[in-house]
Amino acid sequence: MFDTSTSGHRTAAERVGPFATRDFLATVWRHTAAPGQVPLILSDERGEVALVEEGDHLGLLGHEDLVDYRSPLGDAVDLLVEHFGTLGRRRSFRFDSLPSGAAAVITEALDRVGFGYRVATHAEAAVVDLPATFDEYLIGIGKKQRHEARRKRRRFVGEMGGLSLETFEEPGPVLDDFFRLHRRSAGRKGRFMTEPMEELFTDLLRADGWRLDALYGDDNLPAAVVIAYSDADGYYLYNSAYDPDLRHVSPGVVLLTELIGATIAGGGEVFDFLKGSESYKYRMGARARPLLVVEGGT
């Protein structure tokens, strides 16, 4: 394991939430490291990069399904050049989930050591750039979606007897509700919430900036819950679940709309749905943020 104290370096890519921090990566590693993987943290006063070695393959630490954004910290080019220079022949590498600023650091280092590589888009995040007011946001999503947002909120309130949004910043009964609702999801999503994943999410919620937001009607049972991270830039929605028995009142969309309004009211500049190109994100005003993969071999 590696030291989880703060590095003090800025991320090479902007607005990557918690995903490049030592605490987040250490938590993911603790719960999901696979046999044969060895963490390799390049760190000094210049910068920091969290790598992982697995046999003759080099990558970035943490599974790409769990780490939405990757970014070196500080001025990490020389660190990478020095490490790449130690690699023997017949080594492969793959660096995924890179915003453009992070990819530029890695490709500069690869160019300096003369390694061949290819760059491709392999995923995208969906990000809403927030205006100053919620009314401006509603205007920005267009007449049809504005009407739908208001209609779904009225229907939720009418059928559920009210609407309230509550935030929780530590594990407790609402986290158990989140796990329960998640396991009721259809297909792969429902199978995702295994015991190791529950332990991971529990540890994340103990860290600064992480939170649960839950939508309620007139009872004490949440209709939808999200786990997220928030900072001065905005809101990063990490995972979500809703009660499938309440699908007819659109609890997921209602909760997201309420959260966007709350983020705007709090001065946030982005509402980040993170990875995934699901159509509802774009109906709610998101733009695509391409994420790159850099891969090759020595």
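The legends below describe close-up views of a predicted model.

**Figure 1. Surroundings of Thr11 in the segment before helix H1.**
Thr11 belongs to the segment that precedes helix H1, which spans residues 22–32, and with a relative accessible area of 31% this threonine is partly exposed. Although Thr11 and Leu73 are 62 residues apart along the chain, their C-alpha atoms are separated by 4.4 Å. When neighbours within four places in sequence are left aside, the residues in contact with Thr11 are Val16, Ala20, Ser71, Pro72 and Leu73. A polar atom of the Thr11 side chain also lies 2.7 Å from the backbone oxygen of Ala13.

**Figure 2. Arg289, a buried arginine without a salt bridge.**
Arg289 is located in strand S12, which covers residues 287–297. The residue is buried and has no salt bridge, the nearest side chain of opposite charge being that of Asp272 at 4.6 Å; this separation lies beyond the cut-off, since a salt bridge requires a side-chain nitrogen of Lys or Arg within 4 Å of a carboxyl oxygen of Asp or Glu. The Arg289 side chain does, however, approach backbone oxygens: a polar atom of the side chain lies 2.8 Å from the backbone oxygen of Glu14, and the side chain reaches the backbone oxygen of Arg15 at 2.9 Å. Glu14 and Arg15 are also among the residues in contact with Arg289 once neighbours within four places in sequence are set aside, and the others in that list are Val16, Tyr69, Pro99, Ala123, Glu124, Ala125 and Val127.

**Figure 3. The salt bridge between Asp203 and Arg30.**
Of the 25 salt bridges found in a search of the whole structure, this view shows the one formed by Asp203 and Arg30, whose closest N and O atoms are 3.2 Å apart. The pair links distant parts of the chain, because Asp203 lies in helix H8 (residues 195–205) and Arg30 in helix H1, 173 residues apart. Arg30 counts as partly exposed, at 48% relative accessibility.

**Figure 4. The salt bridges Asp44 with Arg46 and Asp65 with Arg188.**
The side chains of Asp44 and Arg46 meet in a salt bridge with an N to O distance of 2.6 Å. Both partners are partly exposed, Asp44 with a relative accessible area of 22% and Arg46 with one of 26%. In the other pair, the closest N and O atoms of Asp65 and Arg188 are 3.3 Å apart. Asp65 sits in the loop between strand S3 (57–60) and strand S4 (73–74), whereas Arg188 is part of helix H7 (residues 187–192), so this salt bridge ties together parts that are 123 residues apart in sequence. Asp65 is partly exposed, with a relative accessible area of 47%, while Arg188 is exposed, with a relative accessible area of 61%. Elsewhere, salt bridges that share partners join Glu64, Arg70, Arg94, Asp96, Arg118 and Glu295 into one network.

**Figure 5. Strand S9 and its antiparallel pairing with S8 and S10.**
Strand S9 (residues 222–230) is mostly covered, with eight of its nine residues buried. On one side of the pairing scheme, strand S8 (residues 210–216) runs antiparallel to S9 and is joined to it by seven bridges, and a hairpin of five residues connects the two strands. S9 likewise pairs with strand S10 (residues 234–242) in the antiparallel sense over seven bridges, here through a hairpin with three residues between the strands. Val226 illustrates both pairings, being the bridge partner of Asp213 and standing opposite Ser240 in S10.

**Figure 6. The largest nonpolar core and a second, separate core.**
The largest nonpolar core has 65 residues, and those with the most contacts inside it are Phe24, Tyr69, Phe84, Phe95, Leu98, Phe178 and Tyr238. Helix H3 (residues 100–113) gives the most to this core, contributing six residues. Leaving aside neighbours within four places in sequence, Phe178 is in contact with Met193, Phe201, Val225, Ile227, Asn239, Ser240 and Ala241. A second core, separate from the largest one, has 28 residues and includes Val128, Leu138, Ile264 and Met284. In soluble globular proteins, nonpolar side chains tend to be buried together.

How values were computed. Residues numbered from 1 in each chain as written. Predicted model: local features only at pLDDT ≥ 70, side-chain atom pairs only at ≥ 80, totals over all residues. Heavy atoms only, no water. Helix = DSSP H or I, 4+ residues; strand = E, 2+ residues; numbered from the N terminus. Buried < 20%, exposed > 50% of the residue type's maximum accessible area, 1.4 Å probe, protein only. Contact = heavy atoms within 4.5 Å. Polar contact = N/O pair within 3.5 Å; in protein donor to acceptor, adjacent residues only side chain to side chain. Lys, Arg positive; Asp, Glu negative; His and termini not counted. Pairing = 2+ DSSP bridges. Core = buried A, V, L, I, M, F, W, Y, C linked by side-chain atoms within 4.5 Å.
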